[in-house]
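Me: I am new to this structure and would like a close look at a single part. Please take the aromatic pairs and explain how they are arranged.

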Amino acid sequence: MLRVLILLLLLFSTNSFAAIGKITEEKGLGEIQRQKSKIDAVLNGGIESMDNISTGNGVVGITFEDDTKVRVTEHSKLTIDDFVYDPKSKGAGKLGLKVALGTVRYASGNIAHENNKNVAINTPTATVAVRGTAFTMTVDEIGQSLVILLPNPDGSVGSIEVLTAAGVVQLNKPFQATFTTNAETKPSKPAILNLNESMIDNMLIVKPPKEILQKIVEETRITKDALAFSDLDKNALDIKVWVDPYAKYNELD
């Protein structure tokens, strides 16, 4: 009886007036860290600002009040940094998300459609500027991030910008991707991946797409060529000296 009461209290708390969305997909192991409390992810359970969602061998799908949809796949971590939305105040909403680990899919809702500058999606090494579309982020243990643009459910394709302190790249084609190794290095040049949505999971951490690896190799080669300093390759002792054939002694003597 006590256990049933505790579960009811947890369900009531997750669906309180502070809820900014709810769990619309749940399977396997999922957990919400809310302040000092840990709550099991349950279907129709409420989501609040500053919640940390983590999954084990499971998936948690979230639908926010503005119809933004986020899917946290297996062994992933997502933090909701900020959410403000009033359907009566056009363009005044705010959404902030941070992907710390694993693979998370994002699909834009009303906040992004009304004012995309009010949406901030971050990984440890990149910021994604949304233009009203769908994409995934796959983040490894040291924060390296693979961002892949996806087609929208209706078949249309939007665009996103992936930014670091060193530069920005734009993705505007389906399954176009970029990779960031750290926040101080420019994202890799875009590459179109030969895969489908069902193949986008944490395996991309273990085995990055060959198209992305090729871009990184090409850029590394260009950087090395640009930094090459051929004068250091010369032998300082290999000096041609003019010799007067009529002199008794030459300059080396």
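Reply: What follows is a short account of the aromatic pairs, set within the protein as a whole.

The model is predicted. The protein has 253 residues, of which 40% count as buried. Its secondary structure comes to four helices and 17 strands. Among contacts between residues at least 6 apart in sequence, 49% join residues at least 24 apart. The protein exposes about 15000 Å², and 56% of that area is supplied by carbon and sulfur atoms.

Now to the rings. A pair of aromatic rings is described by the distance of the centres and the angle of the planes. Searching the whole structure gives three aromatic pairs. One of them joins Phe 83 and Tyr 85, with 6.5 Å from centre to centre and 55° between the planes, which makes the pair tilted. Phe 83 has a relative accessible area of 6%, so this residue is buried. Tyr 85 also counts as buried, because its relative accessibility is 17% and the cut-off for buried is under 20%.

Another pair is made by Tyr 106 and Phe 135. Their ring centres are 5.1 Å apart and their planes meet at 40°, so this pair is tilted. Tyr 106 belongs to strand S9 (residues 94-107), while Phe 135 belongs to strand S12 (residues 134-139); the pair therefore ties together parts that are 29 residues apart in sequence. Both Tyr 106 and Phe 135 are buried.

Phe 83 and Tyr 85 also belong to a cluster: together with Phe 64, they form one aromatic cluster.

Definitions and conventions:
Residues numbered from 1 in each chain as written. Predicted model: local features only at pLDDT ≥ 70, side-chain atom pairs only at ≥ 80, totals over all residues. Heavy atoms only, no water. Phe/Tyr/Trp six-rings, centres within 6.5 Å; stacked < 30°, edge-to-face > 60°. Buried < 20%, exposed > 50% of the residue type's maximum accessible area, 1.4 Å probe, protein only. Helix = DSSP H or I, 4+ residues; strand = E, 2+ residues; numbered from the N terminus. Contact = heavy atoms within 4.5 Å. Areas by Shrake-Rupley, 256 points an atom, 1.4 Å probe, with all protein chains shown as cover.
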